[in-house]
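Student: I have a model open on my screen and would like to learn how to read it. Could you walk me through it, feature by feature?

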Amino acid sequence: MKPSGEDQAALAAGPWEECFQAAVQLALRAGQIIRKALTEEKRVSTKTSAADLVTETDHLVEDLIISELRERFPSHRFIAEEAAASGAKCVLTHSPTWIIDPIDGTCNFVHRVRVIGSSTLALCHLASGAADAYYQFGLHCWDLAAATVIIREAGGIVIDTSGGPLDLMACRVVAASTREMAMLIAQALQTINYGRDDEK
């Protein structure tokens, strides 16, 4: 059977095109679920603290994303915020791995307030040129993964607070518009150890 024109285009675009298309389609479906949930009463519970919230919608969206991707890409691995909160191990290997935060900014989602409330969005301000630098301790890999790609694609620098290469599992980051600025910030910081995502 000859591949369709769409299949040929995906093959010509590279091995990650199918993943990209799946991610876009799932993001649209998840967005519909989240938009509908905005108008409904939310069942909210806490994870590690009163500020660390999770809703039924977080679980629903995460389950949708993982089940659909697992069906399409059975050899891929997953690291997901709510699964990790329930005890799943965060293991980052050389295998293709999807890092999932179903609703980044659950506090905003629950309380319907308009504050940044999302480390991913705050990091993306750097990529857009709205900020020159950002650092934070205590972020998880699902807070960093997407923003790291966006910042690097925009020409920015993302490193560990020690000044070394970024380790997604180390729960800390310095991001800046230039390497010089990133290093200046890293040198001024005293690194705080919040543990590692792959050791929890």
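**Reading the model**

Tutor: Happy to. Leaving aside residues up to four places away in sequence, D198 touches C90 and M169. Keep in mind that this is a predicted model.

Student: Where is D198 placed, and is D198 buried or exposed?

Tutor: D198 sits in the segment after α8. With 34% relative accessibility, D198 counts as partly exposed, because the class in between runs from 20% to 50%. As for distance, the C-alpha atoms of D198 and V54 are 21 Å apart, with their positions 144 residues apart along the chain.

Student: Let's turn to the interior. Which residues of the largest nonpolar core touch the most other members?

Tutor: The general idea is that in soluble globular proteins, nonpolar side chains tend to be buried together. In this structure, the largest nonpolar core has 18 residues, and L69, F73, F78, W98 and I100 touch the most other members. At least two residues of this core come from each of α2 (17-38), α3 (56-72), β3 (77-80) and β4 (97-100). The largest share, six residues, is supplied by α2.

Student: What does L69 touch?

Tutor: Not counting residues up to four places away in sequence, L69 touches A22, L26, F78 and W98. Apart from this core lies another, of 13 residues, including A122, L123, L144 and I151.

Student: Now the helices. At what angle do α2 and α3 pack?

Tutor: In general, two packed helices are described by the angle between their axes and the distance between the axes. Here α2 and α3 pack at about 155 degrees, and their axes are 10 Å apart. Angles over 145 degrees count as roughly antiparallel, so α2 is roughly antiparallel to α3. The crossing of these two helices, α2 and α3, is right-handed.

Student: Which residues of α2 and α3 meet?

Tutor: On the α2 side they are E18, A22, L26, R29, A30, I33, I34 and A37, and on the α3 side T57, L60, V61, L64, I65, E68, L69 and R72. By type, the residues of the contact of α2 with α3 are eleven nonpolar, one polar and four charged. As background for the spacing you see in such lists, an α-helix has 3.6 residues a turn, so residues three or four places apart point the same way.

Student: How do α6 and α7 compare with the parallel and antiparallel classes?

Tutor: α6 and α7 pack at an angle of about 15 degrees, with 9 Å between their axes. Angles under 35 degrees count as roughly parallel, and therefore α6 and α7 are roughly parallel to each other. α6 passes α7 in a right-handed crossing. The contact brings together S119, T120, L123, C124, L126 and A127 of α6 with W142, D143, L144, A147, I150 and I151 of α7. Sorted by type, the residues of the contact of α6 with α7 are nine nonpolar, two polar and one charged.

Student: Which residues of α6 are buried, and what covers them?

Tutor: In α6 (residues 119-128), S119, T120, A122, L123, C124 and L126 are buried. Their cover includes β5 (133-137), α7 (141-153) and β7 (172-176). After α6 comes G129, which has a positive phi, near 90 degrees.

Student: Where else is phi positive, in a residue other than glycine?

Tutor: The background is that most residues other than glycine have a negative phi. Here R112 has a positive phi, near 55 degrees, and C171 has a positive phi, near 65 degrees. R112 lies in the loop between α5 (106-111) and α6, while C171 is in the loop between β6 (157-159) and β7. R112 counts as exposed because its relative accessibility is 58%. C171 is buried, with a relative accessible area of 0%.

Student: One last residue: is A182 buried or exposed?

Tutor: A182, in helix α8 (residues 179-188), counts as buried because its relative accessibility is 0%. Beyond residues up to four places away in sequence, A182 touches I157, I159, V174 and A176. The C-alpha atoms of A182 and D160, which are 22 residues apart along the chain, are separated by 9.3 Å.

Conventions: Residues numbered from 1 in each chain as written. Predicted model: local features only at pLDDT ≥ 70, side-chain atom pairs only at ≥ 80, totals over all residues. Heavy atoms only, no water. Core = buried A, V, L, I, M, F, W, Y, C linked by side-chain atoms within 4.5 Å. Buried < 20%, exposed > 50% of the residue type's maximum accessible area, 1.4 Å probe, protein only. Helix = DSSP H or I, 4+ residues; strand = E, 2+ residues; numbered from the N terminus. Contact = heavy atoms within 4.5 Å. Axes fitted to C-alpha atoms, helices over the stretch in contact; angles between N-to-C directions. Parallel < 35°, antiparallel > 145°, perpendicular 65-115°, else oblique. Left-handed = near helix turned anticlockwise from the far one by under 90°. Nonpolar A, V, L, I, M, F, W, Y, C, P; charged D, E, K, R; others polar.
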